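Dear colleague,

I am handing over the structure below, as agreed. Please open it alongside this message and read the notes with the model in view.

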Amino acid sequence: MPKRLISAITAIALAAVLSGCLIPERFTAKIDIQPDASLSYEFDGTAIDPMAVMKMQQHGMLSEKEQQSLAAEAQKLRQDPDVKKAVYTGKARYQLEIEGRRKAGEPLKLLDMFFVQTGLDGVMTISAQALKRKEKSDLAQMGILLNGTLRVNVPSGAEVISHNASSAPSSGSGTYSWRMGDVGIRPELKLRFNP
């Protein structure tokens with residue numbers, strides 16, 4: 001089996017772990033936490049179908065039927081009320097705009113990449129998947145370069161327990177941001193709301 005194909009299969013397995021169907025590629029993701037611990041979120045950018053990328057690498061292009069299937073997938077995505085825009089742009093890529101709200105304590109899983117959970121102890125954790133060196137290399141061999149930004153706005157009154165943001169406000173409340181795509185970076189912010 002050619003080395004390139006082995007790497008592609010490895011990347012496909014990775015893709016299944018990372019996001020099930022679509023991998024965010026170039027994007028901005030934003031989560032606004034409200035004083036009552038509810039939140040709103042937005043995702044704007046491109047995502048890629050790794051299975052379609054593998055077929056493109058094996059056959060040089062996708063068949064008309066495969067292209068139609070990917071376009072139909074965009075239509076299915078638009079049935080989700082949080083998906084404001086889902087357009088298949090070709091070459092296994094989608095342009096996505098997603099926005100929605102969650103009540104206090106309600107979990108969020110966005111593209112199997114970004115997560116918000118509140119534990120029994122009342123601690124809210126906002127996190128995203130980390131990318132390992134091998135995973136990044138495998139994705140790059142498939143032509144997938146993860147390049148995005150995650151921003152989380154924290155209201156005053158929330159206690160920030162811990163974070164690893166590359167940019168953070170000095171006062172505790174304000175915008176925390178991370179650059180996604182760097183190897184080993186797993187964005188995480190933990191906070192608690194004081195009664």
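The notes below cover a sheet and then two loop residues.

Please keep in mind that this is a predicted model.

The sheet

Five strands make up an open sheet, in the order E5-E6-E7-E11-E9, and their pairing is antiparallel. The edges are taken by strand E5 (108-110) and strand E9 (158-163); each has a single partner strand, so one side of each has no neighbour in the sheet. From one strand to the next, the twist averages 15 degrees.

At the E5 edge, the partner is strand E6 (residues 114-118), which runs antiparallel to E5 and is joined to E5 by three bridges. To find this pairing in the model, start at leucine 108, whose bridge partner in E6 is valine 116.

Two loop residues

Most residues other than glycine have a negative phi. Two residues are listed here for their positive phi.

Alanine 37 is not a glycine, yet has a positive phi of about 75 degrees. The loop that holds alanine 37 lies between strand E1 (23-33) and strand E2 (39-48). Is alanine 37 buried or exposed? Its relative accessibility is 13%, and buried means under 20%, so alanine 37 counts as buried.

Lysine 91, also not a glycine, has a positive phi of about 50 degrees. Lysine 91 sits in the loop between strand E3 (83-90) and strand E4 (93-102). With a relative accessible area of 60%, lysine 91 is exposed, because the cut-off for exposed is over 50%.

Regards

Terms used: Residues numbered from 1 in each chain as written. Predicted model: local features only at pLDDT ≥ 70, side-chain atom pairs only at ≥ 80, totals over all residues. Heavy atoms only, no water. Pairing = 2+ DSSP bridges. Helix = DSSP H or I, 4+ residues; strand = E, 2+ residues; numbered from the N terminus. Axes fitted to C-alpha atoms, helices over the stretch in contact; angles between N-to-C directions. Buried < 20%, exposed > 50% of the residue type's maximum accessible area, 1.4 Å probe, protein only.
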